[in-house]
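Me: Please take a close look at one part of this model, a sheet and the helix that lies across it. Add a neighbouring topic or two from the rest of the model if there is room.

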Amino acid sequence: MAHVTELAVHGEEVAQRSYGVFRRPRMSLAMKLALALVGLVSLVLVINGIVSMWLGYNEAKAVALRVQNEKAQSAAERVNGFVSDIESQIGWTTRAEWSRVGLEQQRYDFIRLLRQAPAITEISYLDRIGKEQLKLSRLEPDAIGSQKDFAEEEKFKRAVADKVWFSPVYFRRGSEPYMTIAVAHAGRNPGVTVAEVNLKLVWDVISAIRVGEKGYAFVVDRGGHLIAHPDLSLVLRDVNLSHMPQVAQALTHPSEPASIQQAAKSLEGAEVLTASAPIARLGWIVLVQVPETEALAPVRSSLIQTSALLALGLFLAAVVGSLLARRMVVPIKRLQLGAERLGSGDLSQRITIRTGDEIEDLAKRFNSMATRVQESYETLEAKVEERTTDLNEALRQQTATAEVLKVISRSTFHLQTVFETLVASASKLCDAEMCVILLREGAAYAIAASHGFSPQFQEYARAHPLPVGATSTTARTASAGKPVQVIDVLADDSLDELTREYQRLGGYRTNVGIPLLREGETIGVFVLARPTVRPFTDRQIDLVQTFADQAVIALENVRLFEKVEARTRELGQSLEELRVAQDRLVHTEKLASLGQLTAGIAHEIKNPLNFVNNFASLSKELAAELKELIDRASLSETLHSEVVEIITTLTGNLDKVAQHGKRADSIVKNMLLHSREGTGDHRPISINPLVEESLNLAYHGARAERPNFNVSLEKDLDPTAGEVDIYPQEVTRVLLNLISNGFYASAKRKSQLNDPDFVPVLTMKTRNLGSSVEIRIRDNGIGITDEVREKIFNPFFTTKPAGEGTGLGLSISHDIIVKQHGGRLDVSSVPGSYTEFVIILPRSGPQLAAKGANE
Amino acid sequence: MSVLVLVVDDELDVGDLFRQQFRRELRAGLFVMEFAYSAPEALARITLPSDVNLILLLSDINMPGMTGLELLPKVREIRPDVPVVMITAYGDADTRARALQAGAAGFLTKPIDFKLLREGITERLSSFQNSASD
C-alpha cells in the first residue's frame, strides 16, 4: 500500500506543478468559510456606509447652503433697506413744490436731512438746468448759489432721465466707500437732489456676517467689481471677481432672488460653498461663502462613525465566521486524516465523527469501504503469493530456455552440443530423470543425444535403432505427429520385444514423446522419461515442445548452412571458370590480331619472293643457253673448261637460290593457310602430302617455340589414300592443332616422368576406307581421363594452365571436321599411356555438308 | 601486221620477267609484248589507234588507284574482241568468281605458271591467225 501513497503524493505534486502557472494559494476550508462570511458582512456595511454618507453629504451641503442663502438674503435686504431708506429721506426734498420754497427753507430741509440720515455726508441741489444752487456738507462749509454747472454730468442727466441714479461706489480718504445718489424732483423741469452717501454702514452689515468659523460675505456690483469684503484692501484694489465661477453665475442670473451656488474655489484658493442674493435696486449681489471643509464637517464625522461601525462589523464577522468554520471543518479534517491513514495502508483505522449530519454519514461510508478494502486486500495477498510462485516458475523456465537458446546460438553448427544442451535442460526443467532425442535414419530412429540413461542402454540403443513400426512411445509419437504420453509403460501389453528391452535397460515407467516436425514430416522424436509412474503436466509437455522446436531449428540451420556452403563453393568455382574463360578469350583475341598481322606480312613477302624464284629459274635457263653457246664457240681448251666450270657453279648457285626461294614460299603459304587467309575454297587434294606438310609445320613450329623440344615422328601413310575433296587450309589447321596437342602431351609426360630414356613419339597414319579417308594422330603422352574426354570438345575447355591454351582448338577442329566436311572426330585414350585422335573425312565431304546445310 | 600482248602490272620488274621468259617467241617475232604500269595507262594504250593487233590483255588485280577488276569491264567495253586474263596473288574463290563474272577469259595465280601461260598465248595466236587467214 505504501506505493499507493507514493503515487498519491506524486499525483499531488504533478497537479501542483501543472497549476503552477496560475499559482493559487492553498487555503484551508475554515479560512475560506471565514473569508466568505467576512466578505459578505463587510460588503453590506460598505454599501450601507456609502449610501448613508452620500445622503448625509448632500443633506449637509443643502443645509449649509440654505443657511448661507438666508444670510445672504438678509444682508441683501438690509442693504436694500438702507438704500431705500436714504432714498425716501431724500424724497423730502424732491417734491414738486420744493424748488419754489425759499432758499432758507431748502437749507433747513437739507440740514434736517443730514441730521436724520447720518449716512449722507454731503447733499446738494441742482436746479433744472443743472446749476448747483445749494450744497451742504458735514465736512465743508455750506455753499449757496455757487452756480457750478453739473448739467453735463451723469448724476444730473441720468437722474433727470431715470428719476433716480446710483453712482458706482467710490472711496474717500482712501478707505471710506461712498456712493452718489441723485434723485430728480417731481414735476416739470425738475431739479435734482444729489446726496453723497457713506456706505460704511453697508460695509458694517457685510462684515458683520459670519458663517461658521471662516465663512464670510462680500458684495460685487454688476461688473463683478468687489464693493464690500471683510478684507478692505481687496476692495480698495478694485478687484474684479467676474472670473470666479460662483460670481459669474450670480451675475448671469441676477434675477434669481437667492440662488444656491455649487462648490467652487475661493479667492484664497480653498474649496468653498457659495450662496448669493441680489440687491435689486442697486444691481449688486451679495455672496456668502463657507469653506467646504467646514460646511461638510458633519459629513466627515458621520464618515468616521460609519468606518468605525464597519471595522467593528468586520471584526465581529471574522470572529463569528472563523468560529463557525472551525466547527464545520474540524470533523472534515478528522475525516481527511482518517482517509489519509486508510490511504497509507492502515486499514484497521476507523473514523469517529458524531456531528449528526452529512459528514457523519460520509465517515460511516468511509469505514465500511475500509472494511471491504481490508477484506479484498487480504484475499489479494494470497492471490499475489500464488501468482508470484507461478511467475517464479515461469521465470526459471524462461531463464533456462534463454540459456539453451544462448548455447544454441553460440554453437549453431555443432548439432551435438545443441542436442546435449537441450536434453540436459529439458530433463532439469520438466523434472524428468531421463531425456533423449532420436533422429530418423532410414526406417529407424537412432539416438542423437541422451541424458540420464545408463551406458548399457545407450550402447544397446546405438546397436539397435528403433524401427519405424515399433510399438514404442517414440514410434507412436512419430506416426501420430503429435505428443504422446504413456503413463505406465509396463502396463502396456502390446509392446514388442525391442521396446521391452529398451524399457528394461532404461528402467523408465512414464514417458512422453514430442515429434520433431519439419514441414509436417517427422524427422525425430524428443522423449522425456521418469523411473516412477508420475504423469507429465500439460505445461511440462508444452515446454518440451519448445525444446523440440529448437532442435528442429538447429537441424534446419545446419542443413541450410551446408546448402549455402555448397552453393558458395559452386559459385566460387563458376567464378574461377569464368575468369579462366575470360583469360582465354583475351588470348584468342590476341591470336586473331596476330593472325591478321601474319597474313599481311605474308602477302607483302610473297610478291618479291615470286620475283626471286622466277628470275632464279630464268637465270638457270639462260646459263644453260650460255653453256650451249660456249660449246659452239671456238675457245681454247683451258678457257673453255674454266668458263664451263664457272657456268656449272653459277647453275648450282641458281639451283640453291630457287630451292631456298621455294622453301620460303612454302613457309609463306603455310603462314597464309594458318591465318585462314589465302584461298578459301575446297578442292580435291592428295591427303598424304597434306598430312606430311602439316606434320613438318607443326614440328618446326614447336621447335621454334621450345628449342630443346624433341619428339620422334613416325609416319604410316597409306599410298592408296588418294585425293579427298576438302578445304585444305581448314584440314591443315585441324591437323596442326591435333599434332601440337600430341607434342604437348608427350612432352608433359616426359617432364612428369623425368626419365631420360623416355622418348616422346607422335605417329601419323592414313588409311583408305573407300568412300572416305582415315587419319590417325597418336601420342604417347599423359593421356586424358574419361571425365575430361566428355568435355574435351566443349568450347573453352582446356586442361592447360590459363593463358597457354584457348580451349578453342578442339572445339574448332570438331566444327571443321564434322560440320564443314561431314566427317567424324573421335578420341580414345588411356591416361598415362596414349591419346589417339581419329579423323574420318568423306571423299566428297564439303558437297555433302553443303547439301545437308541447304536441306 | 604484228600481234600484241599487253601486260598491266604496277611492278616494273614484270616487264623484264616477261621479256626474258618469252625471249624466244619475241626474237622469232611471233608477237610483240607491251607493258602498262597502271590501269589508266593500259586504257590509254588500247584506245589509241594502232597498227598492231591486240590479241590478249594480261592484268594484275592488286594495283594502286584503279584495280584490275575495275579495269576489266572498261576493256571489255572498248575491245570486246580481246580476251582478258587476270593475274593475282589472292587466289581465293570469291575473287576468281568476280573476275570470271566480269568477263575475264582466264585467271592465273602468282607465282605465274609460265608454261601454262605460254601454251595459252600460242593457242590464242593460232586461233587469231586462223581467223585472220579465213
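Reply: What follows describes a sheet in chain A, then a helix pair, then the contact between chains. The model is predicted.

The sheet is open and has six strands, in the order S16-S15-S14-S19-S18-S17 of chain A, paired in antiparallel fashion. Its edges are strand S16 (466-467) and strand S17 (484-486) of chain A, each of which pairs on one side only. Within the sheet, strand S14 (residues 434-441) and strand S15 (residues 444-451) of chain A run antiparallel and are joined by seven bridges. One bridge links A:Glu441 to A:Ala444, the latter in S15(A). Helix H13 (residues 473-480) of chain A lies across S14, S15, S16, S17, strand S18 (510-518) and strand S19 (521-530) of chain A. Relative to S18(A), helix H13 runs at about 40°.

Further along chain A is a pair of helices, H17 (residues 687-705) and H18 (residues 728-753), with axes that come within 9 Å and cross at roughly 50°. H17(A) and H18(A) are therefore oblique to each other, and their crossing is right-handed. The residues that meet include A:Leu690, A:Val691, A:Ser694 and A:Gly701 from H17(A), and A:Pro728, A:Thr732, A:Ile739 and A:Phe743 from H18(A). By class, the contact of H17(A) with H18(A) comprises 12 nonpolar, four polar and no charged residues.

Between the chains, 13 residues of chain A are in contact with 10 residues of chain B. On the side of chain A that touches chain B, three residues are nonpolar, eight are polar and two are charged.

Terms used. Residues are numbered from 1 along each chain as its sequence is written. Chains are lettered from A and ligands numbered from 1 in the order in which they are written. This is a predicted model: local features need pLDDT of at least 70, side-chain atom pairs count only at pLDDT 80 or more; totals for chains, interfaces and linings use all residues. Axes are lines fitted to C-alpha atoms, for helices over the stretch in contact, and angles run from 0 to 180 degrees between N-to-C directions. Helices (H or I, at least four residues) and strands (E, at least two) are DSSP runs, numbered from the N terminus. Angles under 35 degrees count as roughly parallel, over 145 as roughly antiparallel, 65 to 115 as roughly perpendicular and the rest as oblique. A crossing is left-handed if the near helix is turned anticlockwise from the far one by less than a right angle, and right-handed if clockwise. Two residues are in contact if their C-beta atoms, placed from the backbone, lie within 7 Å. Ala, Val, Leu, Ile, Met, Phe, Trp, Tyr, Cys and Pro count as nonpolar, Asp, Glu, Lys and Arg as charged, and the others, Gly among them, as polar. Two strands pair if DSSP finds at least two bridges between them.
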